[in-house]
Amino acid sequence: MWFVGLHVGAGYHSPDRNDEYTETISRCCRGGGTVLRDGGSALDCVVRTVALLEDSSCTNAGFGSNLTLDGTVECDASVMDGTDGAFGSVGAAPGLQNPICVAAQLLLDSRLGPLPLGRIRPIFLAGSGAWKWALSRGLRVAHSVADFTQWHITEESRNHWLEYSAEMASAASAPFPSCKYCHCSSCNAASHFLEGDTVGAIAYDASGNAASAVSSGGIPMKYSGRIGEAAHYGSGCWAQSRTLPTRRYVATSTTGTGEQLMVSLLANKVSTAVYSLDFSSPQQHEAEESNLVDVGECQCHDPLTNYGGLILVTNVDYGRDQFVWAHNTPSMGFGFLSSKMKNTRVGISRLPDSKEGEAVCFGSTFL
């Protein structure tokens, strides 16, 4: 059996764009599923799936990403292979056609051993250094610094930048609101700066191996050089898998306010907690499920900044394959497809307005 799941971020997804989100999620899931159906690995699948998401203008990754304060695009991306824990990432990187492909190449190169004179191969490159390395490896990138200052900018993202710039200018003399997230006018004015719509994918293949990936253009109006959870080890994605003595795996991809997800190491903490679960008895099953909920909810107690969500797939519950999604944002878009399914299942999960940033919406399904 094989499986691929993806998310288009935990944040706010306008109901007016439901058809666009649904089409994008379904198409990208099918693209990843094709890789697995043709015998490809889980790693190949998540890279392909996220690359397709990066190419879509309705996501905040690659083409159409949020702009920095300086009006440019800088992307974060990372990928992990559960077979050996290999990892690759890029941060605040301009001019990359598909940031996830550069992260994947860093992962693959890390398996080649030392460079000449014993130099260590990098697994994480940032800024123009990531662009220069990708260019040297023949990957698809802008061909000059002048080109990459305009790379991935769409008319919509430019208009948002102009709108946010005007709001920031008018608010420059006003004190930053000290209240917790609520529906007062001062909080509403700043709330869209806390939106998180990172994209990600998780998969396992017919050999029982798992992989995970994540990619993001970052929060709106971020400082140039700011790097979020999508590039950080243990924060944006995690995968573990083994085939002996029995098949066991977990893969997670997160989304949300990067600063909080980095501090919490959310992807690592949730994945390792799940991977170590013991469902050997009904009593232990109930206790472990309670512990898992505690691990997830402990990351979400500051309603103003702890915005986030995740998708996860695992088989730790008596060997049954299970897909999980959770978020405490207004909405989160996800989709999944397995070898047992004829069509992709797509969902836009939404919290009631009164619960945004305070409650966690949690769902799961056995595959």
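Here are some friendly notes on two helices and a few salt bridges in this model, which is a predicted one.

1. Let's start with helix H6, which covers residues 155-170. With 16 residues at 1.5 Å each, H6 should span 22 Å, and the 23 Å between its end C-alpha atoms agrees with that.

2. Which residues of H6 are buried? They are Ser157, Trp161 and Tyr164. Viewed down the axis of H6, these buried residues fall within an arc of 75°, so they line one face of the helix. Glu155, Ala169 and Ser170 are exposed on the other side of H6.

3. Helix H4, residues 127-136, has its own buried set: Gly127, Ala130, Trp131, Trp133 and Ala134. Around the axis they cover an arc of only 165°, which puts them on the same side of H4. The face turned away from that buried side carries Lys132 and Ser136, both exposed.

4. What covers the buried residues of H4? The cover includes strand E3 (87-93), helix H3 (99-110), strand E4 (124-126) and helix H5 (145-148). As you follow the chain just past H4, you will meet glycine 138, which takes a positive phi of about 75°.

5. Now to the charged side chains. Side chains of opposite charge can pair when their charged atoms come close. The count here comes to eight salt bridges.

6. Aspartate 81 and arginine 111 meet through their side chains in a salt bridge, at 2.8 Å from N to O. This pair links distant parts of the chain, with aspartate 81 in strand E2 (residues 75-81) and arginine 111 in the loop between H3 and E4, 30 residues apart. Are the two partners buried or exposed? Aspartate 81 counts as buried, at 7% relative accessibility, while arginine 111 counts as partly exposed, at 37%.

7. Arginine 111 also forms a salt bridge with aspartate 84 (3.0 Å, N to O). Aspartate 84 sits in the loop between E2 and E3 and arginine 111 in the loop between H3 and E4, so this pair ties together parts that are 27 residues apart in sequence. Aspartate 84 is partly exposed, its relative accessible area being 48%. Elsewhere, Arg17, Glu20 and Glu156 are joined into one network by salt bridges that share partners.

8. Within that network, arginine 17 and glutamate 20 form a salt bridge whose closest N and O atoms are 2.9 Å apart. Both residues are partly exposed: arginine 17 has a relative accessible area of 21%, and glutamate 20 has one of 33%.

Conventions
Residues numbered from 1 in each chain as written. Predicted model: local features only at pLDDT ≥ 70, side-chain atom pairs only at ≥ 80, totals over all residues. Heavy atoms only, no water. Helix = DSSP H or I, 4+ residues; strand = E, 2+ residues; numbered from the N terminus. Expected span 1.5 Å × (residues − 1). Buried < 20%, exposed > 50% of the residue type's maximum accessible area, 1.4 Å probe, protein only. Arc of directions from axis to C-beta. Contact = heavy atoms within 4.5 Å. Salt bridge = Lys/Arg side-chain N within 4 Å of Asp/Glu carboxyl O.
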